[in-house]
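Here is a short set of exercises to work through with the model open beside you. Try each task on your own, then follow the solution step by step.

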Amino acid sequence: MATLQAIKYSRGKLQVLDQLRLPHENHYDDITTSEEAFDCIKSMRVRGAPAIAIVAALAHAVELVNGSSSAATSPEETIAHIDSRLDYLKESRPTAVDLSNAITLLKLAARAARVEGLAHPEAKEAILNAYIAAAENILAKDLLSNMSIGSYGAVWLQQQYNATPARKISVLTHCNTGSLATSGHGTALGIIRTLHARGLLEHAYCTETRPYNQGSRLTSFELVFEGIPATLITDSMAGALFNLHRERMNIGAVIVGADRVVRNGDTANKIGTYQLAVLARHHGVKFIVAAPTTSIDLETLTGAGIKIEERKAEELTQISGAVVNADGTIDPTKTARVAIADQRINVWNPAFDVTPHDLIDAIVTEKGAVVKGADGRFDFSQVMPERW
Ligand code: MRU
């Protein structure tokens, strides 16, 4: 079966699916420079913590293949060139830690390729090759990570509920954490895919996820594309859904992704995640964060240290979409931008919020599900012993 692919890459060529045009139009942008990648990330044509990091890393790899470091005449200058391009890309979006974790790793890979006594241009070539290999490895590893998160998450939920194909569970997810937010399969949506593939999923609910509508535009699209039984609700309907869950909906868990999980487990994710966690706790529904270890930031101790990106007012006061014909069909060639509020109103538009760790039941990584110890704290030494 065809799969949705946010990022298409072969050495020297990077194409990124324009998610602003989804679900109506499948258009890939060629990304050839760091500037193009910066703009693509900032404008959210690509979004999702892992996908942002992958696009930034590969855009610079493409740029290097195409000779962007040609002025560098020594290993020092080559490394300085790589550093300055990565430092520039790091500013594209501040909250997701995957990008800065990827940048740290890429800088180390470039430095590790410096061989004492090797002359220019061989020394430079070794550094460029190491950078490109490390960037390509980020792409390859992400897919493996997501498959593993899917499996650990499905097993954890199955055990919590003794789920079987005869006794399936339903889940709610927020934002988009699927193939479109990653190199493939997804994190939270990856768990939902795996539950479905194992015959354990009754139904998936996805929130609209205002204001950018990742849920209605992207997650609904992925769920429909894969034939997963699913229903879209607005963000404001979650409480009503949970209220009915015991007798009718049987919601086993809320499963969300993460942009940054800090040392105590506090988690920054798409705006609206926190209120879902509060509602889930109130209704006795498990709340699970699915996050690769590349989304974990052990240097920041609590959620108070996370910088939350604020975005422009137009995301709330205007909306764009494809034109619906009089007969109800969609004309993908015509898009319209529509005002949906008085354009003079003051707007507050934080892109993310922080869910405190005490509202989270498990953080599922590619190395296993992390749960709280007797002290009520998450212990990431289980999955990141080298950085703990
Ligand atoms: O603003 P976005 O669309 O980049 O926000 C995306 C999210 O909040 C996701 O939940 C998170 O990045 C995890 S994606 C696997």
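**Exercise 1. A hairpin**

Which residue in S13 does Ala 322 stand opposite? Keep in mind that the model is a predicted one.

Solution.
- Step 1: Start with the two strands. S12 covers residues 318-324 and S13 covers residues 330-339; they run antiparallel and are joined by seven bridges.
- Step 2: Look across from Ala 322, and you meet Thr 335 in S13.
- Step 3: Follow the chain through the turn. Five residues lie between S12 and S13 in this hairpin, and Gly 328 in the turn has a positive phi of about 90°.

**Exercise 2. A four-stranded sheet**

Find the order of the strands in the open sheet of four, and say which strands stand at the edges.

Solution.
- Step 1: Reading across, the order is S11-S8-S9-S14, and the pairing is mixed.
- Step 2: The edges are held by strand S11 (296-297) and strand S14 (352-355). Each has a single partner strand, so one side of each has no neighbour in the sheet.
- Step 3: Now take the pair S8 and S9. Strand S8 (residues 260-262) pairs with S9 in the antiparallel sense over two bridges.
- Step 4: Pick out a bridge in that pair: Val 261 has Thr 267 in S9 as its partner.

**Exercise 3. Around the ligand**

Describe the shell of residues around the ligand.

Solution.
- Step 1: The ligand is surrounded by 17 residues, and the closest are Arg 47, Ala 49, Ala 181, Gly 257 and Lys 270.
- Step 2: Two elements, H2 and strand S9 (267-270), give two or more residues to this shell.
- Step 3: Sort the shell by class, and you get seven nonpolar, seven polar and three charged residues.

**Exercise 4. Cis peptide bonds**

Locate the cis bonds that lead into Pro 23 and Pro 211.

Solution.
- Step 1: Leu 22 and Pro 23 are joined by a cis peptide bond with omega about 5°. Pro 23 sits in the loop between strand S2 (13-17) and strand S3 (28-30).
- Step 2: From Arg 210 to Pro 211 the peptide bond is also cis, with omega near 5°. Pro 211 belongs to the loop between strand S5 (201-207) and helix H7 (214-226).

**Exercise 5. Positive phi outside glycine**

Are Met 44 and His 185 buried, partly exposed or exposed?

Solution.
- Step 1: Check the backbone of Met 44. Its phi is near 65°, a positive value in a residue other than glycine, and its place is the loop between helix H1 (34-42) and helix H2 (49-65).
- Step 2: Count its surroundings. Met 44 has 18 other C-beta atoms within 10 Å, and buried begins at 20 or more, so Met 44 is partly exposed.
- Step 3: Turn to His 185, which has a positive phi of about 70° although it is not a glycine. His 185 lies in the loop between strand S4 (169-173) and helix H6 (188-197).
- Step 4: His 185 has 22 other C-beta atoms within 10 Å, so His 185 is buried.

**Exercise 6. The whole chain**

How many helices and strands does the protein chain have, and how compact is the chain?

Solution.
- Step 1: The secondary structure comes to 10 helices and 16 strands.
- Step 2: The radius of gyration is 21 Å, close to the 21 Å from the globule rule for 388 residues, so the chain is as compact as a globular protein of that length.
- Step 3: Along the principal axes, the C-alpha atoms fill a box of roughly 75 × 60 × 45 Å.
- Step 4: Of the 388 residues, 47% are buried.

Note on methods: Residues are numbered from 1 along each chain as its sequence is written. This is a predicted model: local features need pLDDT of at least 70, side-chain atom pairs count only at pLDDT 80 or more; totals for chains, interfaces and linings use all residues. A residue is buried if 20 or more other C-beta atoms lie within 10 Å of its own, exposed if 12 or fewer, and partly exposed in between; C-beta atoms are placed from the backbone. The radius of gyration is taken over C-alpha atoms; the globule rule is 2.2 Å times the number of residues to the power 0.38. A residue is near a molecule or strand if its C-beta atom, placed from the backbone, lies within 6 Å of it. Ala, Val, Leu, Ile, Met, Phe, Trp, Tyr, Cys and Pro count as nonpolar, Asp, Glu, Lys and Arg as charged, and the others, Gly among them, as polar. Two strands pair if DSSP finds at least two bridges between them.
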